[in-house]
Each structure stands twice: as C-alpha cells, then as structure tokens.
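Subject: Structure handover

Hi,

Here is the structure I promised to pass on. Please open it first, then read the notes underneath.

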Amino acid sequence: MKRLFSILAIAGMMAFGTVNATTNANTTTATTVASMTQDEPAPAEELGFHQELKKRFIEGGPGFMGIVLLCLILGLAIAIERIIFLNLSTTNTKKLTADVEEALASGGVTAAKEVCRNTKGPVASIYYQGLDRTDEGLEAVEKAVVAYGGVQMGQLEKNVSWISLFIALAPMLGFMGTVIGMIQAFDKIEAAGDMQPSLVAGGIKVALLTTVFGLVVAIILQIFYNYIIAKIDSIVNDMEDASITLMDLLIRQKK
C-alpha cells in the first residue's frame, strides 16, 4: 500500500508540474499577444524547445495525446519508484559476508543473525532466514534460502510489468491516432469532392504527430525499463552468490 501511495504521489507531482508548465506557457503567450496588439507588429521569433513541444502537443489533439501523456507520467512514476527501491535494496555483499563470517566465528549464529538484522537488502534477509534454521540442519537451511530468495525476487520485479505495458501501449495509441487522422482526412476529401492539399494537410499532420509522441514515450520508458531489468539481474546474481557462500560458511562451521 505504501508503494502504491508513493507511485500515485510521484505521478501527481509530475502531472502537477506539467499543468503548471502549460499554464505558465499560456500566460506568457497571452501576454505576448496582448503586447503585440498594442504595439507595432514584432518580427516572428523562433519558438524554444518547450514552446515547440507544447504547440505540437496541442496540434496533435487532446484525446490521444492526453492518453499518451498519461502513459508517460504513470510509466515514469513506476520506473522512479522501482529505481529508488532497487538502489535501497543493493547491498555490499562482500562486506556483509565478511561480517557474518566474523560474527559466526566470534559469537555464533546469534551474532550473525544480529548482523543480518541490522543490514538492509534482500541478501541480508536471505542470510537471516538461512541462519534462523541452522538448528534444523543444512537441508532445511538450503530450502529456506531458495524459498525466500524467490520471495525477494518477486518483490524486486513488482510493478515492472506495468512499465512494459505502457511501452507497448504508447506507440499503439499513436498508431491509432494516425489511422483516425487519415480517416478524417479522406472524409474531408469525400465531402469536398476535390483533392486539395489544404483539405488533407491538417489530418495528416495530426496523424503523424500522434505517432511521433507515442514513439517518443515508448523510447523514454524503454530506457528506464532496461536499466531496471539490469539492476534486478545484478541483485539476483548477488543473492545467488550469497546463498552459495552462506552454505559454505555453515558447512565449515559444522566441521
């Protein structure tokens, strides 16, 4: 539930920032228009990146462009939440292993469990679960490590599938907007009974803009998605190596 609230909070902040940026842009545009009507006409100036982006977004139409923007906001919110969670879950495995080994040699299993309890991350949790079952034998320890490792892996991969959904959904919405824009353009040609470039230019431009924005959203989310997957793989590899190391430590202690 806390993660859900954090995702919604991040999405809300991003949406609020987008609304503020749009409002500021509209205010600036209105002020510029008012000054131009009062004074002499000013020479046309090139639009900045944000103004150009806002202009193209409005030209694309609020329907599909708004849904594509929503996909971007939600996808980025989930990606940021996952990146923060994964960075907090990263543990210095070598240092933890050395501390656990030293605690086992000096204070036994109780001291080693205390070290794991005071360390954050899935590796420390796996160590703790394994050490907690040392009295039941090495076979019980191995089963506990494997089972809890699967639980921790599920926690790492939580909500990642939503990012892949938005990656696939954004360009599909863009392509749908393209098809609808082309249909509208041909409807205008049919109604006019004449093939004039001015009739179809607007519809074709809207169609292309929705496709472009959908692809841009997919590219941005794909970069975050690949980083998250690489981070998860790195943590899972550390978990597997740590599990093998824990079994070796317990076997040496039994001897």
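The notes below go from the whole chain to helix pairs and then to single residues.

**Overall**

Keep in mind that this is a predicted model. The protein chain has 8 helices and 0 strands. Read from the N terminus, its elements run α-α-α-α-α-α-α-α. The protein chain has 255 residues, and 34% of them count as buried. Its accessible surface comes to about 15300 Å². Carbon and sulfur atoms account for 65% of that surface. I also looked at the contacts with a sequence separation of 6 or more. In the protein chain, 80% of these are between residues 24 or more positions apart.

**Helix 3 and helix 7**

Helix 3 covers residues 62-89. It packs against helix 7 at an angle of about 165°, and the two axes are 9 Å apart. Angles over 145 degrees count as roughly antiparallel, so helix 3 is roughly antiparallel to helix 7. The crossing of helix 3 past helix 7 is left-handed. On the helix 3 side, the contact is made by Phe-64, Ile-67, Val-68, Cys-71, Leu-74, Gly-75, Ile-78, Ala-79 and Arg-82. On the helix 7 side, the residues include Val-160, Trp-162, Ile-163, Phe-166 and Leu-169. Met-176, Gly-177 and Ile-180 of helix 7 also take part. By class, this contact of helix 3 with helix 7 has 16 nonpolar, 2 polar and 1 charged residues.

**The loop before helix 7**

Asn-159 sits in the loop between helix 6 (138-156) and helix 7 (160-192). Which sign does its phi have? The phi of Asn-159 is positive, at about 70°, although Asn-159 is not a glycine. Most residues other than glycine have a negative phi.

**Helix 4 and helix 5**

Helix 4 spans residues 93-117, and helix 5 spans residues 122-131. They pack at an angle of about 30°, with their axes 11 Å apart. Angles under 35 degrees count as roughly parallel, so helix 4 is roughly parallel to helix 5. Helix 4 passes helix 5 in a right-handed crossing. Helix 5 contributes Val-123, Ala-124, Tyr-127, Tyr-128 and Leu-131 to the contact. Among the helix 4 residues in it are Thr-93, Leu-96, Thr-97, Val-100 and Leu-104. Lys-113 and Arg-117 of helix 4 belong to it too. The contact of helix 4 with helix 5 divides into 11 nonpolar, 2 polar and 2 charged residues.

Helix 5 is mostly covered, with 8 of its 10 residues buried. Those buried residues are Pro-122, Val-123, Ala-124, Ile-126, Tyr-127, Gln-129, Gly-130 and Leu-131.

**Two residues of helix 8**

Helix 8 covers residues 197-254. Two of its residues are worth a look: Leu-250 and Thr-245.

Is Leu-250 buried or exposed? Residues under 20% relative accessible area count as buried. Leu-250 has 2% relative accessibility, so it counts as buried. Setting aside residues up to four places away in sequence, Leu-250 touches Leu-131, Thr-134, Leu-138 and Val-141. Leu-250 and Leu-131 are 119 residues apart in sequence. Their C-alpha atoms are 8.5 Å apart in space. Leu-131 is also one of the helix 5 residues in the contact with helix 4.

Thr-245 has 28% relative accessibility and therefore counts as partly exposed. Which residues does Thr-245 contact, leaving aside its neighbours within four places in sequence? They are Thr-97 and Tyr-127. Thr-97 of helix 4 and Tyr-127 of helix 5 both belong to the contact between those two helices. Thr-245 and Glu-101 are 144 residues apart in sequence, and their C-alpha atoms are 9.9 Å apart in space.

Best wishes

Definitions and conventions
Residues numbered from 1 in each chain as written. Predicted model: local features only at pLDDT ≥ 70, side-chain atom pairs only at ≥ 80, totals over all residues. Heavy atoms only, no water. Buried < 20%, exposed > 50% of the residue type's maximum accessible area, 1.4 Å probe, protein only. Contact = heavy atoms within 4.5 Å. Areas by Shrake-Rupley, 256 points an atom, 1.4 Å probe, with all protein chains shown as cover. Axes fitted to C-alpha atoms, helices over the stretch in contact; angles between N-to-C directions. Parallel < 35°, antiparallel > 145°, perpendicular 65-115°, else oblique. Left-handed = near helix turned anticlockwise from the far one by under 90°. Nonpolar A, V, L, I, M, F, W, Y, C, P; charged D, E, K, R; others polar.
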